[in-house]
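Got your viewer open? Load the model, get the selection tool ready, and we'll take a short walk around.

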Amino acid sequence: MEPGLHFSLLGPVRGWRDGVELDLGPRQQRVTLAVLLLGWGRPVSVEDIAGAVWEEAVPPTARSTIRTYVHRLRRVVGGSVIVSRGGGYAVVEGVGVDVVEFRRLVGEGLGARGRAEWEVAVECLREALELGRGGALVGLPGGFVEGERLRLRQEWMGVVEALAGVVCGLGG
């Protein structure tokens, strides 16, 4: 794993190493990275990546093009961050990804709510919502991206509802 490496999917797809923004390349290469980051820690098949990048119009050269995108991304983010696994690729666990952090905070907040730890629940849920302002995967096209954008928006709205419930239960 590369220290000081963090990615954002909540908003435009961006990455930083030690506070310096990385050039993640053209749109299709950023879609490739987004698919891998959404699968954080799990292998994503080349076919699934190709479907996200090109949808129904997958070119015969898709496998080699994806290999090129992954090679370029490895040069930018570090060779140990994206690994070949199970006939596809995976981003290793432990890399900072805002969506992963969002879900961790939501889990902690909902757990605290279940234990009636109201202040902890409010703090975690508010912090999670701060990560999700402005939409997800901004600037990327395609049906896969739209589906993920909608799913993440629904998750975010669920947290808004959960936070409202906790705050109302506290009397404001």
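How many bridges join strand E5 to strand E6? Keep in mind as you look that this is a predicted model. Select residues 82–85 for E5 and residues 88–91 for E6, and you'll find 4 bridges between the two strands, which run antiparallel. To see one of the pairings, click on Ile82: its bridge partner in E6 is Val91.

Now look at how the chain gets from one strand to the other. E5 and E6 make a hairpin, with 2 residues between them. Pick out Gly86 in that turn, where phi is positive, about 55 degrees.

Next stop: a pair of helices. Select residues 98–114, which is helix H4, and residues 118–131, which is helix H5. Their axes come within 8 Å of each other and cross at roughly 160 degrees. Because an angle over 145 degrees counts as roughly antiparallel, H4 is described as roughly antiparallel to H5. The crossing itself is left-handed.

Which residues make the contact? On the H4 side, show side chains for a few, among them Phe102, Leu105, Val106 and Leu110. From H5, try some of the partners, including Trp118, Val120, Cys124 and Leu125. Colour the whole set by residue type and you should get 13 nonpolar, 1 polar and 5 charged. Asp98, Glu101 and Arg113 of H4 also belong to this contact, as does Glu127 of H5.

While you're here, move to the loop between H4 and H5 and click on Ala116. Its phi is near 60 degrees, a positive value in a residue other than glycine. Is Ala116 buried, partly exposed or exposed? With a relative accessibility of 42%, it counts as partly exposed.

There's another positive phi to visit. Go to the loop between helix H2 (46–54) and helix H3 (62–77) and select Glu55. This residue is not a glycine, yet its phi is positive, at about 55 degrees. Glu55 is partly exposed, with a relative accessible area of 31%.

For the last stop, head to helix H1, residues 27–38, and pick Thr32. How much of it is accessible, as a relative area? The value is 0%, so Thr32 is buried. To see what surrounds this residue, set aside the neighbours within four places in sequence, then show its contacts: Ile49, Val53, Tyr69, Val70 and Leu73.

Methods: Residues numbered from 1 in each chain as written. Predicted model: local features only at pLDDT ≥ 70, side-chain atom pairs only at ≥ 80, totals over all residues. Heavy atoms only, no water. Buried < 20%, exposed > 50% of the residue type's maximum accessible area, 1.4 Å probe, protein only. Contact = heavy atoms within 4.5 Å. Axes fitted to C-alpha atoms, helices over the stretch in contact; angles between N-to-C directions. Parallel < 35°, antiparallel > 145°, perpendicular 65-115°, else oblique. Left-handed = near helix turned anticlockwise from the far one by under 90°. Nonpolar A, V, L, I, M, F, W, Y, C, P; charged D, E, K, R; others polar. Pairing = 2+ DSSP bridges.
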